[in-house]
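Biologist: I should like to learn how to read the features of a model, one at a time. Please begin with the vocabulary.

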Amino acid sequence: MIIKSEQAQIEAVKTIAQLMVAAARTAPKANALDRLEILIIEGKEKDILADEMKRISKETGVEFIGRDGYNVDDALLVVLFGTRIEPIDCPNCGFCGHENCGENRKNKGICVFNPGDLGIAIGSAISIAANHRCDNRVMFSAGKAALNLGYFHPDVKIAYGVPLSISGKSPFVDR
């Protein structure tokens, strides 16, 4: 049997994405409360995501979002990371700007631990990609487009996407 490098690269990226999901899921979280939702998208769903990013760019005039959409076109798949916004009931914290978690909920605030946990999880995940020499880029723009498209549960309010590529030259540099 002969396996061409293109097929091996596709299989490698899928394996790396799955390892990234495991790394993100097991990353430390405040109060050991897991508010994350993680998805892997490829094929049609990835193409729709890239198109939504380009649409947002045209609508808002924010050019980097369109550029990122073309980067997603060049990626083999995208790992999406999101978090629900739900206070963790940490007494006497106040980092959210409210007196307590009850006030935060009442005012629909953002618990600082939710995006903090998301960032730690993404950092853990992209270290997996880097350790396997898989090109990647953390993109706010891909997360925003995924939220617009309803890829996540409606309770997920903050998201990022990480497109993955294995090629002779990373599509995510010299942008």
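Modeller: Helices (H or I, at least four residues) and strands (E, at least two) are DSSP runs, numbered from the N terminus. Ser-165, for example, lies in strand 4. This is a predicted model, in which local features need pLDDT of at least 70 and side-chain atom pairs count only at pLDDT 80 or more, while totals for chains, interfaces and linings use all residues. Residues are numbered from 1 along each chain as its sequence is written, and side-chain values use heavy atoms, with hydrogens and water left out.

Biologist: In what order do the four strands form the sheet?

Modeller: Strands of a sheet pair through backbone hydrogen bonds, either parallel or antiparallel. Here the four strands form an open sheet in the order 1-2-4-3, with antiparallel pairing; two strands count as paired if DSSP finds at least two bridges between them. Strand 1 and strand 3 are the edge strands, each pairing on one side only. Strand 2 and strand 4 are joined by eight bridges, and Phe-81 stands opposite Tyr-160 in strand 4. Two bridges connect strand 3 (residues 135–136) with strand 4, where Ser-165 stands opposite Asp-135.

Biologist: Is Ser-165 buried or exposed?

Modeller: Ser-165 is buried, because its relative accessible area is 4%; buried means under 20%, exposed over 50% and partly exposed in between (1.4 Å probe, protein chains only). Strand 4 is mostly covered, with eight of its 10 residues buried. Leaving aside residues up to four places away in sequence, Ser-165 touches Asp-74, Ala-75, Cys-134, Asp-135, Pro-171 and Phe-172 (contact means heavy atoms within 4.5 Å).

Biologist: Why do the buried residues of helix 1 line one face of the helix?

Modeller: An α-helix has 3.6 residues a turn, so residues three or four places apart point the same way. Helix 1 (residues 5–26) has 22 residues and spans 31 Å between its first and last C-alpha, close to the 32 Å expected (1.5 Å times one less than its number of residues). Its buried residues are Val-13, Ile-16, Ala-17, Met-20, Ala-23 and Ala-24. Seen down the helix axis, these fall within an arc of 125°, so they line one face; the arc is that of the directions from the axis to the C-beta atoms. The face turned away carries the exposed residues Gln-18 and Thr-26.

Biologist: Against which elements do the buried residues of helix 1 pack?

Modeller: They pack against strand 1 (36–41), strand 2, helix 5 and strand 4 (156–165). Take Ile-16, which has a relative accessible area of 5%. Its contacts include Ile-128, His-132 and Leu-164. The C-alpha atoms of Ile-16 and Leu-164 are separated by 8.9 Å, although these residues are 148 apart along the chain.

Biologist: How many aromatic pairs does a search of the whole structure find?

Modeller: A pair of aromatic rings is described by the distance of the centres and the angle of the planes. The search finds one aromatic pair. The rings of Phe-95 and Phe-113 have centres 6.5 Å apart and planes at 35°, so this pair is tilted. Rings of Phe, Tyr and Trp (its six-membered ring) pair with centres within 6.5 Å; planes under 30 degrees apart are stacked, over 60 edge-to-face and the rest tilted. Phe-95 lies in the loop between strand 2 (77–84) and helix 4 (101–106), and Phe-113, 18 residues away, in helix 5 (residues 113–131). Phe-95 is exposed at 62% relative accessible area, whereas Phe-113 is partly exposed at 24%.
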